Amino acid sequence: MTIPDVQPLIADQSAGDPPVLRVANLTKNYDLSTSVLSRLSHRGEKATLRALDGVELQLNRGEILALVGESGSGKSTLAKILVGSTAASAGEIEYHGAPMPARRGKDESRRIQMVFQDPYSSLNPRLTVGSMLRELLLLHAIVPPKQVHEESKRLLNLVGLEEDALEAYPSQFSGGQRQRIAIARALAVRPDILIADEPVSALDVSVQATVLDLFASLRRDLGLSILFVAHNLAVVQHLSDRVAVMYLGRIVEVADTAELFRNPRHPYTRALIDSIPRMSAGSVTEAFQLEGEPPSPFNVPSGCRFNPRCPYATDACRTIDPALETVAPAHLSACIRASELTELAVARV
Amino acid sequence: MTEPLLSVRSLSIGVKRGSADPTLIVDDVSFDIAKGERFGIVGESGSGKSLTLRAIGDLLPRGVEVLSGSILYNGTELVGMPRSSRRKLMGPEIAMIFQEPMTALNPVVRVGEQIAEGPRRYLGMSRAESMTRAIEMMAKTGIPDPVRRARAYPHELSGGLRQRIMIAMALSCNPRLLLCDEPTTALDVTVQHQVLRLLEDLCDDSGAALAFVTHDLAVVNQTCTDLAVMYSGHIVESGTVREVLRDPRHPYTQGLLDSAPDFDRPERPLIPIPGFPPNVASRPSGCPFAPRCPLVVEACRTAMPPMETVAPGHGAACIRADRTSRELVAR
C-alpha cells in the first residue's frame with residue numbers, strides 16, 4: 001500500500017484562478033482561565049479551549065461550500081474569523097491570493113458579509129428596512145446619495161421582497177421574510193463572499209425552500225461565493241457544490257457533494273450520513289451508529305481526535321494524528337484507514 | 001376493537017378575551033392513541049401541535065385554556081378534572097419530555113435526585129430505593145457512569161445527556177403515555193439518532209404509547225406508526241405513517257413533502273408553499289389552507305371541509321382529497 005503524499009490545499013482545479021478565500025493552519029484559542037489573582041489565592045485553573053486547530057480550507061469562485069459538523073466542532077468560530085468579527089490566534093487567511101490583514105479596513109470588511117441563523121435577533125428592531133439599507137449604502141459609498149432609494153428597491157427585488165417593505169420594521173415580517181431582509185443587508189455592500197451561519201435552521205420547512213432557492217439564485221446571478229454552515233445534511237446535499245466536514249476544530253473530510261455522500265472516506269462523515277432521518281426507510285437504522293458524544297474541546301483525545309468514537313479505530317489511530325490528505329481526485333480525508341472505507345458501501349434505500 | 005388509551009374529541013383551545021369571542025388556537029381536534037401506539041403530530045410553528053400536547057398534560061401556558069371538547073384517558077375524562085387528581089396521573093400514567101432539557105430541568109438539584117423524586121412520590125419508594133431506581137433508569141437510557149453522573153447538576157452535562165436525563169425522569173414511574181414535544185430538535189444529528197432509537201426501545205420494552213410532536217416528517221417516518229398533520233389549529237390529514245406519507249391527500253401534506261429536501265432524492269427540486277399561515281385571530285372562513293392551496297376552488301372558501309375517510313385508516317379534511325395526489329403529481 002502506498003501512502004499518498006501530503007497535498008497542499010492550494011491545488012486548484014480552475015487553472016490559474018486563485019480561490020477567493022483560502023485559510024491555512026488556522027487556529028483559535030480561547031483563554032478560559034480564572035483570573036491571575038484568583039489563581040494565586042485559590043487553586044484556580046489555567047484552561048485553554050482550542051476551538052480551531054489547524055484548519056485548512058479554500059472557497060472557490062462562485063461555489064457554494066457547505067461546512068457541516070456537530071455543535072462544538074468550531075463551525076461558527078471559523079465563520080466568525082472569516083468575516084472578521086474575531087481574530088484568529090494563528091494561521092493565514094488569503095483573499096484572492098493576497099494575505100488578508102489582521103485588522104481589516106472598510107473595504108476589506110465589505111468584501112465578506114455574513115447572514116446569521118436567527119433573523120429575529122440579527123435585525124435591529126428600531127430601524128426600518130429602508131434606513132437599515134440606507135445607512136450601509138451611504139457609509140460604504142456604494143451609490144451616490146441620490147440613488148440610494150433606487151438601489152434599496154433593487155436590493156429588495158433581488159431577494160424577492162416588495163418595495164413597500166422599505167417603510168416597515170422587522171417585526172412586521174415573518175421569519176422567512178426577515179431572513180430575506182438580512183440577506184439584502186449583506187448584499188447591500190456588494191460583497192463577493194457570503195458566509196451564512198445556519199440561515200434556514202430557524203425557519204419552517206415550507207419557507208426554508210424559498211430561502212434555499214434564493215441562495216442558489218444569488219450564486220447563479222451574482223457569481224457570489226457562499227460558505228454555508230449547516231447541520232441539516234439533506235439541505236446541504238440539495239444546495240452545495242462541495243462539503244467540508246468538521247470535527248473538534250479540524251476539517252476531517254472535503255469533497256464534491258455527490259462524491260462525499262456516495263463515497264465518504266472518513267468514518268465520522270459516514271456516521272453523520274447514517275444518522276440522517278430518512279423519508280424512504282422504515283425504523284431508525286443501526287447501520288453505523290456512533291456511540292457517545294463529541295468529546296470536550298478542552299480535552300482533545302491523543303492521536304486521531306475521532307478515535308474514541310470510531311468503530312474502525314486501531315492502535316495506530318490512538319497515536320497518529322492524521323493530516324488531511326488527498327484520497328481521490330478533489331477528495332481529502334484525515335483518516336489513516338480512508339482507503340479501506342471504500343469497501344463499506346453506504347446503505348442505499 | 002379495543003378501547004384507545006387516549007381519546008381526544010372536538011378539542012378546542014384558545015384565549016378568552018372578556019366578553020368577546022375567544023381566539024381559537026386549536027379548533028375541533030379529534031384523534032385516538034391506542035395502547036403502545038407511536039403517534040406523531042406534525043405541523044409548522046403556530047399550527048397548535050404543541051398546545052394540543054400540552055392540553056393532554058395539563059401544561060397549557062397561563063391564559064390559554066381548553067374551551068370545549070373532551071380528553072378521555074383510559075375512559076376517564078381529563079377536561080374539568082380537579083387539578084389535584086389530575087396531578088396524580090402525571091408521572092405514573094402520563095409523562096412529558098420537552099424540547100429544551102436545560103430549561104425543563106431544575107438547575108439547582110442534582111439530576112439523580114430529580115429522577116428519584118417521581119418514584120418516591122408516586123411509587124412509594126424509600127429514599128434509598130428511589131435513588132437505586134434513578135441510577136437504574138440512567139443506565140437504561142445509556143448514560144455512561146450513572147452512579148457518578150447522578151450527582152451532577154444539569155449544567156454539567158451535554159445536551160444529549162440532559163435529554164437522556166429527561167427521558168429517564170419521564171419513564172421512571174412506568175407511564176403508559178409519553179408526551180414528547182420536539183424532543184430531538186435541539187440535538188445534533190448523531191445524538192438525535194441515538195435518542196430516537198432509545199425512545200423506540202424503551203417504549204417497546206415498557207409498552208408505553210408515544211405522542212410525538214415534531215416539524216420533521218423524516219423523524220416521524222422513522223419513529224411513529226400513525227400521524228396527524230396540523231395546519232392553523234386543525235388536523236387536516238391523519239392516518240398511518242405509511243399511508244399518509246406515501247399517498248398524501250391533503251395539499252398541505254403534499255406541500256410539506258415537496259418543500260423539504262429528501263436525502264434519498266437529491267435531484268428533486270424543492271417546491272415551496274406560497275404565502276404564509278393565517279393569523280389565528282383572523283383565520284379565513286372555510287378551509288384555512290385555501291389562500292395557499294394550488295387546487296383551491298370556490299367551495300373551499302365557504303366552509304371548513306370535514307375530515308373524510310379517503311382510504312381505510314386514512315382521513316383528509318379536503319373537499320378535493322380524491323384528486324389531490326393525482327393532480328399535484330401531474331403539475
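# Briefing on a predicted two-chain model

In chain A, S4(A) and S5(A) form a hairpin that has two residues between its strands, and A:His96 in the turn takes a positive phi of about 50°. The model is a predicted one. Chain B contains twelve helices and twelve strands. Chains A and B touch each other through 33 residues from chain A and 36 residues from chain B. The points below take up chain A, then chain B, then the contact between the two.

**The hairpin and its neighbours in chain A**

- S4(A) and strand S5 (residues 98–99) of chain A are paired in the antiparallel sense, with two bridges between them.
- Within this pairing, A:Tyr95 has A:Ala98 of S5(A) opposite it.
- A:His96 lies in the loop between S4 and S5 of chain A.
- The phi of A:His96, near 50°, is positive although the residue is something other than glycine.
- Most residues other than glycine have a negative phi.
- A:His96 counts as partly exposed because 15 other C-beta atoms lie within 10 Å, where 20 or more would make a residue buried and 12 or fewer would make it exposed.
- Strand S4 (residues 90–95) of chain A is also joined to strand S1 (residues 21–31) of chain A, by five bridges, and these two strands run antiparallel.
- In S1(A), A:Thr27 stands opposite A:Ala90 of S4(A).

**Helix H4 of chain A**

- Helix H4 (residues 129–139) of chain A has A:Val129, A:Met132, A:Leu133, A:Leu136 and A:Leu137 as its buried residues.
- Viewed down the axis of H4(A), these buried residues lie within an arc of 125°, so they line one face of the helix.
- In general, an α-helix has 3.6 residues a turn, so residues three or four places apart point the same way.
- The buried residues of H4(A) pack against two other helices of chain A, helix H5 (148–158) and helix H6 (175–188).
- A:Ala141, just after H4(A), has a positive phi of about 50°.

**Chain B as a whole**

- The radius of gyration of chain B is 21 Å, close to the 20 Å that the globule rule gives for 331 residues, so chain B is as compact as a globular protein of that length.
- The C-alpha trace of chain B spans about 65 × 55 × 40 Å along its principal axes.
- Of the 331 residues in chain B, 49% are buried.
- Among contacts in chain B with a separation of 6 or more, 64% are between residues 24 or more positions apart.

**The eight-stranded sheet of chain B**

- Eight strands of chain B make an open sheet with mixed pairing, in the order S6-S7-S8-S3-S9-S10-S12-S11.
- At the edges are strand S6 (94–97) and strand S11 (308–311) of chain B, each of which pairs on one side only.
- On average, neighbouring strands of this sheet are turned by 20° against each other, direction ignored.
- Strand S3 (residues 38–42) and strand S9 (residues 226–231) of chain B run parallel and are joined by four bridges.
- B:Phe39 is opposite B:Asp226 of S9(B).
- Helix H7 (residues 159–171) of chain B lies across S6 and strand S7 (177–181) of chain B, and runs at about 175° to S6(B).

**B:Tyr73 and B:Asn74**

- B:Tyr73 belongs to strand S4 (residues 64–73) of chain B.
- B:Tyr73 counts as buried because it has 21 C-beta neighbours inside 10 Å.
- Leaving aside residues up to four places away in sequence, B:Tyr73 touches B:Leu6, B:Leu78, B:Leu89 and B:Ile94.
- B:Tyr73 and B:Glu93 are 20 residues apart along the chain, and their C-alpha atoms are separated by 9.3 Å.
- B:Asn74 is in the loop between S4 and strand S5 (76–77) of chain B.
- B:Asn74 is not a glycine, but has a positive phi of about 55°.
- With 16 other C-beta atoms within 10 Å, B:Asn74 is partly exposed.

**The contact between the chains**

- The contact takes 36 residues from chain B and 33 residues from chain A.
- On the side of chain B that touches chain A, helix H8 (189–206), helix H9 (217–223) and helix H11 (251–259) of chain B each supply at least two residues.
- H8(B) gives the largest share of that side, nine residues.
- By class, the side of chain B that touches chain A has 17 nonpolar, twelve polar and seven charged residues.

Terms used. Residues are numbered from 1 along each chain as its sequence is written. Chains are lettered from A and ligands numbered from 1 in the order in which they are written. This is a predicted model: local features need pLDDT of at least 70, side-chain atom pairs count only at pLDDT 80 or more; totals for chains, interfaces and linings use all residues. The arc is that of the directions from the helix axis to the C-beta atoms. Two residues are in contact if their C-beta atoms, placed from the backbone, lie within 7 Å. Two strands pair if DSSP finds at least two bridges between them. Ala, Val, Leu, Ile, Met, Phe, Trp, Tyr, Cys and Pro count as nonpolar, Asp, Glu, Lys and Arg as charged, and the others, Gly among them, as polar. Axes are lines fitted to C-alpha atoms, for helices over the stretch in contact, and angles run from 0 to 180 degrees between N-to-C directions. The radius of gyration is taken over C-alpha atoms; the globule rule is 2.2 Å times the number of residues to the power 0.38.
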